[in-house]
Amino acid sequence: MELGITGRAAVVTGASTGIGFAVAEELVANGASVLIVARDQNRLEAAEAKLQQKSRAKVASLAIDVASAGAADRVVEAALSAVGSLDILVNNAGRAHAGGLMTSSESDWDEMTMLKLVSMRRLCKAAIPHMKEKSWGRIVNMSSIGGIYPNPKLLISHVLSGAINNLTKSLALEVAADGILVNAIGIGAVATDNWANNMLPAVRRNRSELASLSDDEVLARVGAEMTPIGRAGTPEEIAAIAAFLVSSRNGFVTGDTIEASGGADRFM
Ligand SMILES: NC(=O)c1ccc[n+]([C@@H]2O[C@H](COP(=O)([O-])OP(=O)(O)OC[C@H]3O[C@@H](n4cnc5c(N)ncnc54)[C@H](OP(=O)(O)O)[C@@H]3O)[C@@H](O)[C@H]2O)c1
């Protein structure tokens, strides 16, 4: 399917690895110029170099913490100067936080809220005027199926995912008449560094019978248990959905949270 995004300019946050990198790959393969954003400069430059090999358009990068003060304006300025415009925004930067209400601290809430919700809100607000100028824009916010089916063991992540879904729906209605479509993806278990760094330790703590298994074996076991299709997802499977949602082929889906979880109706 031709996505019709040749010549479009995109920002993908959290794009040095995992799902964000796969989204950036899909967009450049379809002719969009892409600014990728993450904190670690070395990893970002390596990702940029890989994308440039596949790209017919411009690829640029900006090393920044999206949760820091002024980051949204700096990202938009970088997009305008490096890729010429801002038609597509994929708010993907983030990670999971394992724990319940009684084990989470004030600083856990502050950090995760800034990372997942505040940075997303600020980036949408900074990007939308540039989309309105062209009466065309696409935004995808990466959420979790926990925003629909919350698991108390991932309480902060799932409360914030619910808020992201709500922000997505409300914003979609606010800008629908401006040609801007806003959607979220409710992601299930997908094998990435985030999963390995933030989920696996919690799974191992809660499931002593998995202690002797390798990381890959634990992921295979948990993916099979929580997912009707019998396995965890891949970053490329999420990227394919995001690419459609931000494309010209999507003209009628807005305000939705697409469940991309292999049929799972629980997170672990
Ligand atoms: N994988 C899953 O099972 C799953 C499930 C539900 C939801 N999600 C969501 O999907 C998104 C992508 O997850 P993933 O699994 O692909 O994660 P990942 O492999 O850990 O990649 C995260 C990306 O975000 C960047 N990042 C993290 N914090 C950042 C910050 N403060 N500012 C800028 N960039 C930042 C990371 O680079 P730096 O560290 O260098 O900044 C990296 O490029 C996240 O929002 C996550 O919550 C994932």
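In this predicted model, the charged end of R8 sits over the ring of W136, 3.7 Å from its centre, and the charged end of K50 sits over the ring of F21 at 5.2 Å from the centre. A charge is placed over a ring if NZ of Lys or CZ of Arg is within 6 Å of the ring centre and within 35 degrees of the ring normal. Local features require pLDDT of at least 70 and side-chain atom pairs pLDDT 80 or more, whereas totals for chains, interfaces and linings use all residues. Residues are numbered from 1 along each chain as its sequence is written, and side-chain values use heavy atoms, without hydrogens and water.

S135 lies in the loop between α4 (106–134) and β5 (137–144), the elements being DSSP runs (helices H or I, at least four residues; strands E, at least two) numbered from the N terminus. Although not a glycine, S135 has a positive phi of about 50 degrees. Helix α4 has a kink of about 45 degrees centred on M114, the bend being the angle between axes fitted to the seven residues ending there and the seven starting there.

The largest nonpolar core (buried Ala, Val, Leu, Ile, Met, Phe, Trp, Tyr and Cys residues joined through side-chain atoms within 4.5 Å; buried meaning under 20% relative accessible area, 1.4 Å probe, protein chains only) has 35 residues, and V23, L27, M142 and I185 have the most contacts inside it. Elements giving two or more residues to this core include β1 (9–13), β2 (33–38) and α8 (235–245). The largest share, 7 residues, comes from α1. Apart from this core lies another of 31 residues, among them L62, V83, C124 and I128.

How values were computed:
Buried < 20%, exposed > 50% of the residue type's maximum accessible area, 1.4 Å probe, protein only.
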